[in-house]
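I opened this notebook to keep track of what I looked up, entry by entry. The topics are one chain's fold, one contact between chains and two backbone angles.

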Amino acid sequence: MEEIIQHLTPLLKEVSGYIFPNEIELHWGLLIVLYPYLTGLVAGAFILASLVKVFNVKELQPTYRMSLLTALAFLIVAPLPLLGHLGHPEKSFEIFLTPNTSSAMAMFGFVYAWYLMAVLLLEIWFDYRKDLIMWSRKEKGLMKWIHKILSLFSSDTSEKALHFDKKSVKVITIIGIPSAFLLHGYVGFIFGSVKANPFWSSVLMPIVFLFSAIVSGIALVLLIYMIVTPMRRKPIDMMCLNKLASYLFYVMIIDFSLETLDFIHRVYESEESIHIISELVSGKLFVSLVVIQVLIGMLIPLGSIAAAKLFKLPDELKKLIYFVAAILVQMGIFSTRWNVVIGGQLFSKSFRGLTTYKMTFFGLEGFLFSFILLIMPIVILYILFKILPPWDEARQPVS
Amino acid sequence: MISFWKKIPEQAKRLVVLAIILLAVFLVVRPQLVPSDFGELGHFRASALQDIIAQPVQYAGHEICTECHDEVAEKKGNSYHRNVACEVCHGPAAVHVEEEETDMLRIPRGRDFCIVCHEYLSSRPTGFPQIVSESHNPMKSCITCHNPHDPTPPEKPKDCAGCHASIARSKMVSHHVYVPCVRCHDTPEGHFTNPRVYHPTKPTKREFCGGCHASDDPSVAGIPQVDIESHGERYVCWQCHYPHLP
Amino acid sequence: MSILKSYQHLNQPQKRRAFVKTFLLSVAAIVFPGRSGSQEKPKKNSKWILDDDYDATEHRWGMGIDINNCIGCGRCVAACKDENNVPKLPFFFRTWVERYEIEANGQVSVSSPNGGYDSFKPEISDKQTIRSFFVPKLCNHCDNPPCVQVCPVGATFKTVDGVILVDKDYCIGCRYCIQACPYGARFLHPETRTAEKCTFCYHRVVKGMSPACVENCPTQARIFGDLKKTASPLVRFTRMHNINVLKQNLNTEPKVYYANLDMEVS
């Protein structure tokens, strides 16, 4: 109780205009910003993987397994910010036992479970099964048993079985694409369906969330590929990299168009909330929205990748451009999530005032915990790379 | 059936078995964890209703006070405070009803409680008795002159300002400052005890205002004059001119 | 000693009369069974019978607020905090009072210092105020509640008599309902870490009492009543006044009806 008093009392002075008395406490903070960012990376990485399997984009083959494992690593961490945010995480299982079917949040629990188990884990399993069997036959000790258990003690490596694996992967990916859309579109729907908040309430919200997710996912895989490949002392496949950058570029164009459309639509209709939202965007949210999300996170990467595509630049310069662009994109997409989640709560539902968000450093809602949560998927990814190496060289032919 | 099972590839068989195990675990665990009365009355735990209505009552309600304090209640019942519940001033009394000896209620005797309702605030509705506490007997406690159970003021407030504070203050800084309220509003005696039932009258014709503002009588020289026939189309005077601040 | 004490109340006339009435009724019940008790009421939906003989299916509760009567004294806010053990801090309110001051040039200032708990202080200002009034606010107990719609676990629900309640033992504290409420009526309790809001003092209503805020309003600005009865103060209220509700365009179907509500109230 003391903590709450100490945390909230200074906020009273920072309020401008009038807010409802209960609105002084901003409820969905940094953890809830982190959550759509993480699930967005999952959806984006998976869509990239699906480009290889379903649309047969051969150039992206080196990143196929890497994308799947990236998606898995982030998907494992994704529920953690939610658990940390709940008032009673020990009762969180209630969502699965007595879900309220009219609640987007409850139904999302099942979408998540479906996506994790029926799509991602299955696809990884089918794709790796043959290699798991071959590795476990060759290795000794702990790794042998890990691989044996992961393969569910399967042992059939006949042509028919391998053919079945390949077909399954294709089918699962085809199911997986709408599932990935649903996974992150649902998060957008959780915000977009709240009629009480005119900043969130929009038909475009799930679509914008989804496309910005794909942008961030592709950029992430690009970054991981560019970091891990030299670490393994292997040459970067420029065809693959150029293709990644191309897809990033095209999806960014779509995403930027959608966000611009949302903005134009809002200003054109000029509904009741336009005054307070304009005050918010031109004031408290100016840096995170106009500067970071739009300028740094969208326009500069778009411009630089366009330059790399248009002009004949040496490979080294292109790699630098792609790398920097991908980092700026990550900053921009994180900022997008911040602007939606926190921006949407900075103005009062009375439409007459603005409040403030003070981030702490320690504590579950603090910066440190979120930073750890961001590092965690990278650690998990490292472990996954060790157990299920995604490099083409690691693939074992049947012997 | 067995031939169908044989046709399924080996890896798929393992997955199916795993899926069946997971589903079985879920089906066994779920009834253990879901509260038994969930869903009886709707999508919620039915015993929550009992938990909620078991909350102890703090405010006993105005009726129960009259059972012991019947004389005070009768006096208050005929006064201006008849609709003010006892617990508004004396605080929650549910415990006092059970243990009247040990749990005594508060009795506000200073100046700071009465002004919570009766301080002059421009947002308070006209007709509600308000005073400016800084200048209204600042050194005396309110109950010196006003018995809270029969708060009729010792003197009738002059100029209707006691209840119509906002209007009186507007009129005080207006050109109508010398016009007494009763010049325009005939006030029946009953208005002082039953204000919402007995209403003062209001002028109905333009000619009423014309008595001062459309007259060439020397006594009203210096007061703005208009041609009552043509000025202001079909409207009556007070549809444009606020009489308390013209 | 204790026996004497239990008969002491007969010294007062009211209590004596009540005792005699109960005694005669009891005798009548024995002599004429089935006529004098409430046992013969037909049991409709027995599952919704709470607290002795309160049948929730027979009622539909709502509140009426007359803006012209509210003096902004804040006794309702204080009574609610006392009755429901709401932390006496300026961050948590089940009900609060707002003050509106509308100036001649159209500018509007709204304030709610500590929710109106300590009433409002007089101020010296040079505002050219043309309209000014107080607006008490609380959970509207909507008939189409967005908060119930979004609760992921079924911790908040609508009772059959129209009251929206929260099961604090089941709530997981996700705060989706707080986001979904357009009126800012909900908050997270700092100690239980669960969502909380006005309950229409349901624990009083089932005992035939009115909510603490209604009980304590000195000017009857708040009217509580049963919309199902023909003779009810709330039904009369909805007949005698032009009624408005907050944020009508959101179609939450609120059951707190305002009379004389200004357009600037958001």
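Entry 1, the fold of chain B. I read the secondary structure along the sequence of chain B and noted the pattern α-α-α-α-α-α-α-α-α-α-α, and the count for this chain is eleven helices and zero strands. I keep in mind throughout that this is a predicted model.

Entry 2, the dimensions of chain B. I looked up the radius of gyration and found 36 Å for chain B, whereas a compact globule of 246 residues would have a value near 18 Å. Taken along the principal axes, the box filled by the C-alpha atoms of chain B is roughly 120 × 65 × 30 Å. I then asked what percentage of the 246 residues in chain B is buried, and the figure I wrote down is 18%. For the contacts in chain B, I took those between residues at least 6 apart in sequence, and of these 48% join residues at least 24 apart.

Entry 3, the contact between chains B and C. I noted that 35 residues of chain B and 43 residues of chain C take part in this contact. On the side of chain B that touches chain C, the elements that give two or more residues are α3 (47-53), α4 (62-68), α6 (86-90) and α8 (114-118) of chain B. Which of the elements gives the largest share of that side? I found that α3(B) does, with five residues. Sorted by character, the residues of the side of chain B that touches chain C are 19 nonpolar, eight polar and eight charged.

Entry 4, two values of phi. Before listing them I reminded myself that most residues other than glycine have a negative phi. In chain A, I found that A:Asn56, which is not a glycine, has a positive phi of about 50°, and I located A:Asn56 in the loop between α2 (30-53) and α3 (64-77) of chain A. In chain C, I found a positive phi near 55° for C:Asn251, again a residue other than glycine, and C:Asn251 lies in the loop between β12 (243-244) and β13 (256-259) of chain C.

Entry 5, the surroundings of these two residues. Are A:Asn56 and C:Asn251 buried or exposed? I wrote down A:Asn56 as exposed because 9 other C-beta atoms lie within 10 Å, and the cut-off for exposed is 12 or fewer. C:Asn251 has 12 C-beta neighbours inside 10 Å and therefore also counts as exposed.

Notes. Residues are numbered from 1 along each chain as its sequence is written. Chains are lettered from A and ligands numbered from 1 in the order in which they are written. This is a predicted model: local features need pLDDT of at least 70, side-chain atom pairs count only at pLDDT 80 or more; totals for chains, interfaces and linings use all residues. Helices (H or I, at least four residues) and strands (E, at least two) are DSSP runs, numbered from the N terminus. The radius of gyration is taken over C-alpha atoms; the globule rule is 2.2 Å times the number of residues to the power 0.38. A residue is buried if 20 or more other C-beta atoms lie within 10 Å of its own, exposed if 12 or fewer, and partly exposed in between; C-beta atoms are placed from the backbone. Two residues are in contact if their C-beta atoms, placed from the backbone, lie within 7 Å. Ala, Val, Leu, Ile, Met, Phe, Trp, Tyr, Cys and Pro count as nonpolar, Asp, Glu, Lys and Arg as charged, and the others, Gly among them, as polar.
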